[in-house]
Amino acid sequence: MKKKFETNAIRTQLERSQFLEHSSPIYLTSSFVFEDAEDMRASFAEEKDRNVYSRYSNPNSSEFIEKVCQMEGAEDGFAFASGMAAVFSTFAALLNSGDHVLSARSIFGATHGMFNKIFPKWNISHSYFKIDELDSIEKLIQRNTKIIYAESPTNPGVDILDLEELGKIAKKHNLILIIDNCFASPYLQQPIKFGADLVIHSGTKLMDGQGRVLAGITVGSKDLIDKIYRFSRITGPTLSPFNAWVLSKSLETLAVRVDRHCENALKLANFLEGHEKVNWVKYPFLKSHPKYEIAKKQMKAGGCVVAFEVKGGLEAGQKFFDSIKLLSLSANLGDSRSIVTHPASTTHSKLSSEERAETGIADGMVRVSVGLEHIDDILGDIGQALGY
Ligand SMILES: *Cc1c(COP(=O)(O)O)cnc(C)c1O
């Protein structure tokens, strides 16, 4: 019988060792031994499916990868030391000099940096499409376009892209569709269902969910993952066994944690909507969100991030942050601790103010990653900070 999401997250585990441990042990070993000369030869010739060296594979990362593959409905995957290692290695493994990437304009700051500052060195170019103008994508496709790339919900503006629509465009033009699914987590959204070929996560966010480790993972079709695996076993961006163990344990509680994140976030969004000190609030599962219907179609719930703008611009924004008492001023998200961030002066400070405006980031905009504290305390802190 096909098991459910929550069950797979808990019951997918390594074979027990001679100690019959209940919880998976940590395999802190850089290499593995061979039985004899023939075993050594066959292992290196990849005639055997076994662990050889932890840059290639390790039991703990294999367990983590297997869980995420089941969650995302993917054939295979590879786990990385950080979300950016996953993003970079995925692109670098699939692209050649002269290739072109078509990406949504609203993407993670470092991914934007990779397209702008790193890829030109290897003659890899990109164009951005506006997330509200999916029909403009086809006009931007070039002879050398290979990949369509997007995030949904976006950071930090929590805009929603129609994944099904993107999937159709990618298929029609025979392009590889890659979705960074970090803001949703595999519990809320599975982009492969809508036509994505590869799904990337920063495991640092909701997957770990407790702000402890950095990690990344890419999952998808076997043939694409094989290219990413070949690239990565040579270049070495691999996740450590210890962090893989942490992540695999974290996934056991992903569903209950994300349910509560979303419940708290929706309550905060409702509280902020119509608040006299707030210009606007955006959350995918608020009816006022411009893409509410699409969010409902492709997500189970709205996620942990709420964006809003404090009335009074930059000065009022800074006053708000200086008045926060309980929540953390930090740049992470998807943590059990609620976090408030000012994108204009932090994650997106490298963008010009014009570029920021294009991405929908107002100076007084606040991004809240709603955590697992009691909702009354979260509302209490944000409420008092709005009143100063
Ligand atoms: C954080 C993040 C990344 C990068 O992940 P790291 O683990 O910090 O390297 C990539 N994409 C999105 C959407 C993110 O939020």
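**Exercise 1. Place helix α5 on its sheet.**
Which strands does helix α5 lie across, and at what angle does it run to β3?

*Solution.* The model is predicted.
Step 1. Take helix α5, residues 109–118.
Step 2. List its strands: α5 lies across β2 (100–104), β3 and β4 (145–151).
Step 3. Read the angle. Helix α5 runs at about 135° to β3.

**Exercise 2. Lay out the seven-stranded sheet.**
Give the strand order, then explain why β1 and β3 each have a side without a neighbour.

*Solution.*
Step 1. Write the order: β1-β7-β6-β5-β4-β2-β3. The sheet is open and its pairing is mixed.
Step 2. Find the edges. β1 (76–80) and β3 (125–129) stand there. Each has a single partner strand, so one side of each is left without a neighbour in the sheet.
Step 3. Add the twist. From one strand to the next it averages 20°.
Step 4. Look inside the sheet. Strands β5 (residues 176–180) and β6 (residues 198–202) run parallel, joined by three bridges. Across this pair, Ile179 stands opposite Val199 in β6.

**Exercise 3. Lay out the five-stranded sheet.**
What is the strand order, and which strands stand at the edges?

*Solution.*
Step 1. The order is β8-β9-β12-β11-β10. This sheet, too, is open with mixed pairing.
Step 2. The edges are β8 (278–282) and β10 (328–329). Each pairs with a single strand, so one side of each lacks a neighbour in the sheet.
Step 3. Follow β8 to its pairing with β9 (residues 305–310). The two are antiparallel over four bridges. Trp280 stands opposite Glu309 in β9.
Step 4. Add helix α11 (residues 254–272). It lies across β8, β9 and β12 (365–369), at about 20° to β9.
Step 5. Add helix α13 (residues 313–323). It lies across β9, β10, β11 (339–341) and β12, at about 125° to β9.

**Exercise 4. Describe the ligand site.**
Which residues surround the ligand, and which polar atoms lie at what distance from its oxygen atoms?

*Solution.*
Step 1. Collect the shell: Ser82, Gly83, Met84, Phe108, Glu151, Asp180, Cys182, Phe183, Ser202, Thr204, Lys205 and Ala215.
Step 2. Sort by class. Five residues are nonpolar, four polar and three charged.
Step 3. Start the polar contacts with Met84. One of its polar backbone atoms is 2.8 Å from an oxygen atom of the ligand.
Step 4. Turn to side chains. A polar side-chain atom of Ser202 lies 2.9 Å from a ligand oxygen. For Thr204, a polar side-chain atom lies 2.6 Å from a ligand oxygen.
Step 5. Check the cover. On its own the ligand has 380 Å² of accessible area, and the protein covers 92% of it.
Step 6. Tie the shell to the sheet. Ser202 belongs to the shell, and β6 spans residues 198–202. Asp180 is also in the shell, and β5 spans residues 176–180. Glu151 is another shell member, and β4 covers 145–151.

**Exercise 5. Check the backbone.**
Where are the cis peptide bonds before Pro153 and Pro156, and what is the phi of Glu46?

*Solution.*
Step 1. The bond from Ser152 to Pro153 is cis, with omega near -5°.
Step 2. The bond from Asn155 to Pro156 is cis as well, with omega near 0°.
Step 3. Locate them. Pro153 sits in the loop between β4 and α7 (163–172). Pro156 is in the loop between β4 and α7 too.
Step 4. Turn to Glu46. Its phi is positive, about 60°, although Glu46 is not a glycine. Glu46 is found in the loop between α2 (37–44) and α3 (59–72).

Key
Residues numbered from 1 in each chain as written. Predicted model: local features only at pLDDT ≥ 70, side-chain atom pairs only at ≥ 80, totals over all residues. Heavy atoms only, no water. Near = heavy atom within 4 Å. Polar contact = N/O pair within 3.5 Å; in protein donor to acceptor, adjacent residues only side chain to side chain. Areas by Shrake-Rupley, 256 points an atom, 1.4 Å probe, with all protein chains shown as cover. Nonpolar A, V, L, I, M, F, W, Y, C, P; charged D, E, K, R; others polar. Pairing = 2+ DSSP bridges. Contact = heavy atoms within 4.5 Å. Axes fitted to C-alpha atoms, helices over the stretch in contact; angles between N-to-C directions.
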